[in-house]
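Open the model in your viewer and keep the selection box handy. We'll go stop by stop, picking residues and seeing what sits around them.

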Amino acid sequence: MTEQLKILSDGEVRQSADNEQQNATACVFTGHREIGEDFSVRKLRAAIESLIKEGVTTFYDGMAKGFDLVAATVVLRLKNKYPQIRLIACVPCYGQEKYFCERDKKTYAEALKKADEQIVLSPAYYRGCMQARDRYMAERAQVMIAYCKKTEGGAAYTVKIFQKSHPSAKIIFL
């Protein structure tokens, strides 16, 4: 990780003057670490492009292996066609990629390097840091793209907190 990372303390919320405008144009991704045979990168790309055409320009990604890394990669590829879009890499703690396989570590490093902004929510792992990252992203988005096939776990948690904080917001389930 580089010096450009912003470390936020647990529970701290960064305020900005254009926060409401960002919310009106922001999407959060959530999904499983293990991707099933039913998953389609084409459907994900189509969903992202549809949102871009509706005015979404900011994409929050949790950078976990599986769905998050696929979504980050798709957004980065789409930047060639849609230079106005931004990828915000939201890392729960330093070393998140420690237990990734080598291929995922490489994808993670490339996506993190190419992201428009990198946010690290904690300097070290603690119980609950993944959920803190999920809340951070969900609070900043108005729309969600979810690959969620279970009723429990991280993806389901993120869907639930997004629905609770944005009861009428659009969720695209893949």
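Is Thr-107 buried, partly exposed or exposed? Select it and turn on the surface: its relative accessibility is 25%, so Thr-107 counts as partly exposed. Bear in mind as you look that this is a predicted model.

**Stop 1: around Thr-107**

Thr-107 belongs to helix H4, which covers residues 102–114. Now add Leu-69 to your selection. Thr-107 and Leu-69 are 38 residues apart along the chain, yet their C-alpha atoms are separated by 7.1 Å. Leaving out residues up to four places away in sequence, Thr-107 touches Leu-69 and Thr-73.

**Stop 2: the whole chain**

Zoom out and switch to cartoon. You should be able to pick out six helices and seven strands. Follow the chain along its sequence and the pattern reads β-α-β-α-β-α-β-α-β-α-β-α-β. The chain has 174 residues, and 48% of them are buried. If you take the contacts between residues at least 6 apart in sequence, 82% join residues at least 24 apart.

**Stop 3: a threonine in a strand**

Next, select Thr-30, which you'll find in strand E2. Thr-30 has a relative accessible area of 5%, so it counts as buried. Which residues is Thr-30 in contact with, leaving aside neighbours within four places in sequence? Show everything around it and you'll meet Phe-67 and Asp-68, then the run Met-144, Ile-145, Ala-146 and Tyr-147, and finally Gly-154, Ala-155, Thr-158 and Val-159.

**Stop 4: an unusual backbone angle**

Move to Met-63, in the loop between strand E3 (58–61) and H3. Check the backbone here: Met-63 has a positive phi of about 65°, although it is not a glycine. Don't expect to see it on the surface, because its relative accessible area is 0%, which makes Met-63 buried.

**Stop 5: H2 against H3**

Colour helix H2 (41–53) and helix H3 (residues 67–78). Their axes come within 10 Å and cross at roughly 55°, which makes H2 oblique to H3. The crossing of H2 and H3 is right-handed.

Now show side chains at the contact. From H2, select Val-41, Leu-44, Arg-45, Ile-48, Glu-49 and Ile-52; from H3, select Phe-67, Val-70, Ala-71, Val-74, Val-75 and Leu-78. Sorted by class, this contact of H2 with H3 has 10 nonpolar residues, two charged ones and no polar ones.

**Stop 6: H5 against H6**

For another pair, colour helix H5 (residues 129–140) and helix H6 (154–165). The axes of H5 and H6 come within 9 Å and cross at roughly 35°, and this crossing is right-handed. On the H5 side, select Gln-131, Asp-134, Arg-135 and Ala-138; on the H6 side, Gly-154, Tyr-157, Thr-158, Ile-161, Phe-162 and Ser-165. How many nonpolar, polar and charged residues does the contact of H5 with H6 have? Four are nonpolar, four are polar and two are charged.

**Stop 7: the salt bridges**

Last, the charged pairs. A search of the whole structure turns up 11 salt bridges. Start with Lys-149 and Asp-38, whose side chains meet in one of them at 3.3 Å, N to O. This pair links distant parts of the chain, 111 residues apart: Lys-149 lies in the loop between strand E6 (143–147) and H6, while Asp-38 lies in the loop between E2 (26–31) and H2. Lys-149 has 47% relative accessibility and so counts as partly exposed. Asp-38 is partly exposed as well, with a relative accessible area of 48%.

Then select Arg-103 and Asp-104, another salt bridge, where the closest N and O atoms are 3.6 Å apart. Is Asp-104 buried or exposed? Asp-104 is buried, with a relative accessible area of 13%, whereas Arg-103, at 62%, counts as exposed.

Compare that with Arg-133 and Asp-134, where the side chains meet in a salt bridge at 2.8 Å, N to O. In this pair both Asp-134 and Arg-133 are buried. To finish, select Arg-45, Glu-49 and Lys-81 together: salt bridges that share partners join these three into one network. Arg-45 and Glu-49 should look familiar, since you selected them in H2 when you looked at its contact with H3.

How values were computed. Residues are numbered from 1 along each chain as its sequence is written. This is a predicted model: local features need pLDDT of at least 70, side-chain atom pairs count only at pLDDT 80 or more; totals for chains, interfaces and linings use all residues. Side-chain values use heavy atoms; hydrogens and water are left out. A salt bridge is a side-chain nitrogen of Lys or Arg within 4 Å of a carboxyl oxygen of Asp or Glu. Helices (H or I, at least four residues) and strands (E, at least two) are DSSP runs, numbered from the N terminus. Buried means under 20% relative accessible area, exposed over 50%, partly exposed in between (1.4 Å probe, protein chains only). Axes are lines fitted to C-alpha atoms, for helices over the stretch in contact, and angles run from 0 to 180 degrees between N-to-C directions. Angles under 35 degrees count as roughly parallel, over 145 as roughly antiparallel, 65 to 115 as roughly perpendicular and the rest as oblique. A crossing is left-handed if the near helix is turned anticlockwise from the far one by less than a right angle, and right-handed if clockwise. Contact means heavy atoms within 4.5 Å. Ala, Val, Leu, Ile, Met, Phe, Trp, Tyr, Cys and Pro count as nonpolar, Asp, Glu, Lys and Arg as charged, and the others, Gly among them, as polar.
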